[in-house]
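I opened the notebook today to look up ring contacts and sheet layout. Here is what I went through, entry by entry.

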Amino acid sequence: MQFENIDDDHESDTAGRQARAAAATRSTWVSVVVNLLLTCTQIVVGLLSKSQGLVADGIHSLSDLLSDGVVLFASHHGKKDADQDHPYGHQRFETAASLVIGVLLLAVGVGMFWSALVKLENPEAIARVHSAALWVAGIALVAKELLFRYMLAVAKRAKSSMLVANAWHARSDAASSLVVGLGIVGNLLGYPLLDPIAALVVGGMIVKMGWGFGWDALHDLMDRAADDQEVQAICQTLLQTPGVKNVHDVRTRKMGDMIVVDAHLEIDARITVEAGHNIAVEARARVMQRHRVLNLMTHVDPWQAPDLDHAPPAARSGGAPAAREAVRGLE
């Protein structure tokens, strides 16, 4: 039987992490430049043209700069190899970054929502917006939509949930610019309330997106399992390994964009311990090669025999006659 080279798998995994980190860095720096230009333009023109919606959109772009900084920090630390303090690596820096992005979005959205409500309570204080605000909102809409498409393409190639979150953050910016543009048009047509209403809608959109990202990241930090389809694929790979008769107690947990797996392999009880170990090594190598698995911990059980790992204490200590008979039958 031929076995996969574990060192090659490790080198391939390391190269993959470094490639994802490089892709994250490139796309994020593009986002930094775009958002810096938009932030300055939107806030300055928004103040001069008396458009609350455009100022709110500019603050949203400013929050993007903060989230870009978080992404750069996370991608730098997430590519580090495992060490003594972090034996499973540093992939959860990405999950933590997604959580921070979600919290930032929540804070910005609530602030914008509150500011718009205050403005709506004093409609007589709403000034007429200058037409320059509409041009800036249009430019921002196009720039953010193009940035979203670019960042999402990079995120899919890198298979990074953190980059996907940041890309959809850019899409939320494009949607907010569209709403702001509609509000400015309404203001110019003689409906001044539409500008703060646009800011109100944008704030609600940002709150909803921030909650979604934050909630998903929080679940991942609490060791949420991989989706059923991916777990079934991992089980299938294990069952295709020569010598593996069955698989049970397969447990997974997210580690950034990777997965940590525990699995019990059922193997013929008549073979030697060394042969059983080699089968487990082969199964691990196959899973590590074919799936986004950071580590697979295998436990070997005798095939078609009770698994005493999860039996009552009496059975594990020899107190259950049926369990003792099953063990004697394997001797």
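**Charge and ring.** I began with the criterion: a charge sits over a ring if NZ of Lys or CZ of Arg is within 6 Å of the ring centre and within 35 degrees of the ring normal. I was working with a predicted model. In it I found the charged end of Lys245 over the ring of Trp303, 5.3 Å from the ring's centre.

**Aromatic pair.** Next I asked how many aromatic pairs there are. The count comes to one. I noted its members as Trp211 and Trp215, stacked, with 5.5 Å centre to centre and 10° between the planes. I placed both in helix H6 (residues 194–221), four residues apart, about one turn of the helix.

I also looked up their accessibility. Trp211 has 52% relative accessibility and so counts as exposed, because the cut-off for exposed is over 50%. Trp215, at 41%, is partly exposed.

**Sheet.** Then I turned to the strands and asked in which order they lie. I wrote down S1-S2-S3 for an open sheet of three strands with mixed pairing. Strands S1 (244–255) and S3 (293–302) stand at the edges; each has a single partner strand, so one side of each is left without a neighbour in the sheet. I noted an average turn of 15° between neighbouring strands, direction ignored.

For S1 and S2 (residues 258–267), I found antiparallel pairing over nine bridges. One bridge I looked up joins His248 to His264 in S2.

**Helix across the sheet.** Last, I checked helix H8 (residues 273–290), which lies across S1, S2 and S3. I recorded H8 as running at about 150° to S3.

Key. Residues numbered from 1 in each chain as written. Predicted model: local features only at pLDDT ≥ 70, side-chain atom pairs only at ≥ 80, totals over all residues. Heavy atoms only, no water. Phe/Tyr/Trp six-rings, centres within 6.5 Å; stacked < 30°, edge-to-face > 60°. Helix = DSSP H or I, 4+ residues; strand = E, 2+ residues; numbered from the N terminus. Buried < 20%, exposed > 50% of the residue type's maximum accessible area, 1.4 Å probe, protein only. Pairing = 2+ DSSP bridges. Axes fitted to C-alpha atoms, helices over the stretch in contact; angles between N-to-C directions. Contact = heavy atoms within 4.5 Å.
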